[in-house]
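Student: I should like to take a close look at a single part of this structure. Could you please guide me through one helix and its surroundings?

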Amino acid sequence: MLQSCQIIEKDFIEEEIKRLRGAIKEKDLEHIATVKALYLKYLVGFDRDFKPFKEYFTPKKFVKEFGLKAKETEF
């Protein structure tokens, strides 16, 4: 079965939080720390604050990365 959600305890990412503090706004720190701590390849979103991180992809860039065709939306 494909797992699509996992709860990560803050204690698990505490070292990454310490390492990354000051590199990004405090409100985004736990998100990028989790991505780094879990060795995730992609963080997909619209937040430009993540731009310096190689894991950050906009939805458009993510779709292009896999050669998928995006559908028109109201957004």
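Tutor: The following account takes helix α2 as its subject, after a short view of the whole chain and before a look at the parts that surround the helix.

The model is predicted. The chain contains three helices and two strands, and from the N terminus the order of these elements is α-α-β-β-α. Along the principal axes, the C-alpha atoms fill a box of roughly 40 × 35 × 20 Å. Of the 75 residues, 25% count as buried. Among contacts with a separation of 6 or more, 17% join residues 24 or more positions apart.

Let us turn to the helix itself. The twelve residues of α2 should span 16 Å at 1.5 Å a residue, and the end C-alpha atoms of the helix lie 17 Å apart, which agrees. Which residues of α2 are buried? They are Asp28, Leu29, Ile32, Ala33, Thr34, Val35 and Ala37. The list includes Asp28 and Thr34 as well as Leu29 and Ile32. What covers these buried residues includes α1 and β1.

The helix also contributes to the interior of the model. In soluble globular proteins, nonpolar side chains tend to be buried together. The largest nonpolar core here has 13 residues, of which Leu20, Ile24, Ile32 and Phe50 touch the most other members. The elements that give two or more residues to this core are α1 and α2, and α2 gives the most, with five residues.

Ile32 deserves particular attention. Apart from its neighbours within four places in sequence, Ile32 is in contact with Leu20, Ile24, Leu43, Phe50, Phe53 and Glu55. Leu20, Ile24 and Phe50 thus appear both among the contacts of Ile32 and among the core residues that touch the most other members.

One of the contacts of Ile32 is Glu55, a residue in the loop between β1 (43–44) and β2 (56–57). Is Glu55 buried or exposed? Its relative accessibility is 5%, and the cut-off for a buried residue is under 20%, so Glu55 counts as buried. Residues up to four places away in sequence aside, Glu55 touches Ile32, Val35, Lys36, Leu40, Lys41, Tyr42 and Leu43.

The partner on another side of our helix is α1, which is included in what covers the buried residues of α2. In turn, what covers the buried residues of α1 includes α2. The buried residues of α1 are Ile13, Glu16, Ile17 and Leu20. Seen down the axis of α1, these residues fall within an arc of 110 degrees, so they line one face of the helix. An α-helix has 3.6 residues a turn, so residues three or four places apart point the same way. On the other side of α1, Asp11, Glu15, Lys18 and Arg19 are exposed. For Lys18 the relative accessible area is 51%, so this residue counts as exposed. The C-alpha atoms of Lys18 and Ala33 are 8.9 Å apart in space, while the two residues are 15 apart in sequence. Just after α1, Gly22 takes a positive phi of about 95 degrees.

A positive phi is also found after our helix. Tyr39, which follows α2, has a positive phi near 55 degrees, although Tyr39 is not a glycine. This residue belongs to the loop between α2 and β1, and it is exposed because its relative accessibility is 76%.

The loop that holds Tyr39 also holds Tyr42, a residue touched by Glu55. The structure holds five aromatic pairs. Tyr42 and Phe62 form one that is edge-to-face, with 5.2 Å from centre to centre and 85 degrees between the planes. Since Tyr42 lies in the loop between α2 and β1 and Phe62 in helix α3 (residues 59–65), the pair ties together parts that are 20 residues apart in sequence. Both rings belong to partly exposed residues: Tyr42 has a relative accessibility of 22%, and Phe62 has a relative accessible area of 25%. Tyr42, Phe57, Phe62 and Phe66 form one aromatic cluster. Lys61 lies over the face of Phe57, a member of this cluster, at 4.4 Å from the ring centre.

To return to the helix with which we began: α2 gives five residues to the largest nonpolar core, and α1 and β1 are included in what covers its buried residues.

Methods:
Residues numbered from 1 in each chain as written. Predicted model: local features only at pLDDT ≥ 70, side-chain atom pairs only at ≥ 80, totals over all residues. Heavy atoms only, no water. Helix = DSSP H or I, 4+ residues; strand = E, 2+ residues; numbered from the N terminus. Buried < 20%, exposed > 50% of the residue type's maximum accessible area, 1.4 Å probe, protein only. Contact = heavy atoms within 4.5 Å. Phe/Tyr/Trp six-rings, centres within 6.5 Å; stacked < 30°, edge-to-face > 60°. Lys NZ or Arg CZ within 6 Å of the ring centre and 35° of its normal. Core = buried A, V, L, I, M, F, W, Y, C linked by side-chain atoms within 4.5 Å. Arc of directions from axis to C-beta. Expected span 1.5 Å × (residues − 1).
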